[in-house]
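Work through the exercises below with the sequence and the structure open. Each task is followed by a solution in steps.

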Amino acid sequence: MKQSSESYALEAFTAALPVLRGELHRYLARMTGSVIDGEDLLQDALMSAAIALQNGTEVDNLRAWLFRIAHNTALNMFRARKREVAMKQHLISLPPTEQAAPSDELPEALTPYLSLSPKQRSTVILRDVLGYSAAEVAELTDSSVSSVKSALHRGRLELAKAREITPKTTNTLTDRQSKLLRLYADLFNAHDFDRIRDMLSAEVHLELVSVETREGKELVSGYYENYARRTDWHMVPGLLEGRPAILAFDRNSPDTRPLYFILLEVDQHGIMRMRDFRYARYAMDDAEWSRL
């Protein structure tokens with residue numbers, strides 16, 4: 001039986017994701033000023049793309065098409081939440097405008113991009129961070145080359161002004177959150193997963209990012225079986241963009257940057273929500289993190 005054109009398109013889409021997912025995330029993380037919010041937006045964009053392909057949308061340039069979907073998804077979020085004014089109050093130092101390899105010590109600050117309008121932000125990210133030409137940026141954003149150059153010039157000026165504003169990052173965790181994070185990391189490193197399971201609330205929600213989600217203590221408890229068979233990590237309690245997190249380091253290189261992170265949310269009933277980025281390690285590249 002012949003495969004439908006929709007099936008071929010979905011196969012090409014799935015095959016391209018391992019390469020494109022990280023690039024799309026770099027774009028959306030800077031659009032939102034957060035690697036976490038960037039992942040949320042990325043999932044929305046990829047879902048929209050998959051639905052469009054299932055409905056028979058024909059695509060000539062998959063990369064350009066996905067960037068347009070990501071771009072429009074971000075703009076729709078800004079319009080819906082009306083966050084532009086509030087976000088401008090949280091600027092920090094300006095990253096270099098020239099594209100450079102990520103540092104092993106200090107990730108590029110994301111929030112300075114929030115001082116730009118969405119159009120300027122998108123243009124600067126595509127041009128200076130991802131390295132697209134002005135003509136390619138115009139294609140990706142449905143703009144003219146002259147419009148791209150104008151937005152790029154103004155965007156760079158806005159980023160230059162943001163360099164002078166450097167808010168201090170503070171530890172906002174409660175004593176209970178800090179103790180729980182330390183205990184969770186200690187038990188993880190000791191492979192004492194039975195005691196970790198005791199810390200889960202009955203309604204706990206797990207998202208193994210880009211792989212699966214699970215609801216309820218019984219189903220989430222099985223998630224630790226894979227970790228019980230591995231020893232390639234060393235868990236450290238910390239903060240990820242100011243949120244309580246477990247930082248996963250290479251067991252053999254504990255002094256390098258974390259490989260990935262696990263976000264934890266707790267209440268009086270225990271651990272309520274976990275987001276494990278083990279299979280979405282691209283998010284760690286630009287994340288702002290610290291140890292407790």
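**Exercise 1. Two helix crossings**

Task: In this predicted model, helix α6 (residues 134–141) and α7 pack at an angle of about 100 degrees, with their axes 8 Å apart. Classify the crossing, list the residues in contact, and then treat α5 and α7 in the same way.

Solution:
Step 1. Angles of 65 to 115 degrees count as roughly perpendicular, so α6 is roughly perpendicular to α7.
Step 2. On the α6 side, the contact is made by Ala134, Ala135, Val137 and Ala138. On the α7 side, Val145, Val148 and Lys149 take part.
Step 3. Helix α5 (residues 118–129) packs against helix α7 (residues 145–162) at an angle of about 95 degrees, and the axes are 8 Å apart. α5 and α7 are therefore roughly perpendicular to each other.
Step 4. The α5 residues in this contact are Lys119, Gln120, Thr123, Val124, Arg127 and Asp128. Those of α7 include Ser147, Val148, Ala151, Leu152 and Arg154.

**Exercise 2. The length and the buried side of α8**

Task: Check the end-to-end distance of α8 against the expected span, then find which of its residues are buried and what covers them.

Solution:
Step 1. The expected span is 1.5 Å times one less than the number of residues. For the 15 residues of α8 this gives 21 Å, and the end C-alpha atoms are 21 Å apart, so the two values agree.
Step 2. The buried residues of α8 are Ser178, Leu180, Leu181, Tyr184, Ala185, Leu187 and Phe188.
Step 3. An α-helix has 3.6 residues a turn, so residues three or four places apart point the same way.
Step 4. The cover over the buried residues of α8 includes α9, α11 (224–228), β3, β4, β5 (260–267) and β6.

**Exercise 3. Aromatic pairs**

Task: Classify the ring pair Tyr184 and Phe188 and the ring pair Tyr227 and Trp233, and say which cluster they belong to.

Solution:
Step 1. The structure holds 13 aromatic pairs. In one of them, Tyr184 and Phe188, the centres are 5.6 Å apart with 50 degrees between the planes, and the pair is tilted.
Step 2. Both Tyr184 and Phe188 lie in helix α8, 4 residues apart, about one turn of the helix. Tyr184 and Phe188 are both buried.
Step 3. For Tyr227 and Trp233, the ring centres are 5.8 Å apart and the planes stand at 75 degrees, so this pair is edge-to-face.
Step 4. Tyr227 has a relative accessible area of 2% and is buried. Trp233, at 0% relative accessibility, counts as buried.
Step 5. Ring pairs link Tyr184, Phe188, Phe193, Tyr223, Tyr224, Tyr227 and Trp233 into a cluster.

**Exercise 4. Two charged residues**

Task: Are Arg278 and Glu23 buried or exposed, and which residues do they touch?

Solution:
Step 1. Arg278 is in the loop between β6 (270–276) and β7 (289–291). Its relative accessibility is 6%, so Arg278 counts as buried.
Step 2. Leaving out residues up to four places away in sequence, Arg278 touches Tyr227, Arg230, Asp232, Trp233 and Tyr260. With the side chain of Tyr260, the side chain of Arg278 makes a polar contact of 3.0 Å.
Step 3. Glu23 lies in helix α1 (residues 5–32). The cut-off for buried is under 20% relative accessible area, so Glu23, at 18%, is buried.
Step 4. With residues up to four places away in sequence left out, Glu23 touches Arg63, Phe67, Leu130 and Tyr132.

**Exercise 5. Positive phi outside glycine**

Task: Where do His191 and Glu241 lie, and what are their phi values?

Solution:
Step 1. His191 is not a glycine, yet its phi is positive, about 60 degrees. His191 follows α8 and sits in the loop between α8 (175–189) and α9 (193–198).
Step 2. Glu241, also not a glycine, has a positive phi of about 55 degrees. Glu241 is in the loop between β3 (233–240) and β4 (243–250).
Step 3. His191 has a relative accessible area of 29% and is partly exposed. Glu241 is partly exposed at 23%.

**Exercise 6. The chain as a whole**

Task: How many helices and strands does the chain have, and what percentage of its residues count as buried?

Solution:
Step 1. The chain has 11 helices and 7 strands.
Step 2. Of its 292 residues, 48% count as buried.
Step 3. Among contacts with a separation of 6 or more, 64% are between residues 24 or more positions apart.

Definitions and conventions
Residues numbered from 1 in each chain as written. Predicted model: local features only at pLDDT ≥ 70, side-chain atom pairs only at ≥ 80, totals over all residues. Heavy atoms only, no water. Buried < 20%, exposed > 50% of the residue type's maximum accessible area, 1.4 Å probe, protein only. Polar contact = N/O pair within 3.5 Å; in protein donor to acceptor, adjacent residues only side chain to side chain. Contact = heavy atoms within 4.5 Å. Phe/Tyr/Trp six-rings, centres within 6.5 Å; stacked < 30°, edge-to-face > 60°. Axes fitted to C-alpha atoms, helices over the stretch in contact; angles between N-to-C directions. Parallel < 35°, antiparallel > 145°, perpendicular 65-115°, else oblique.
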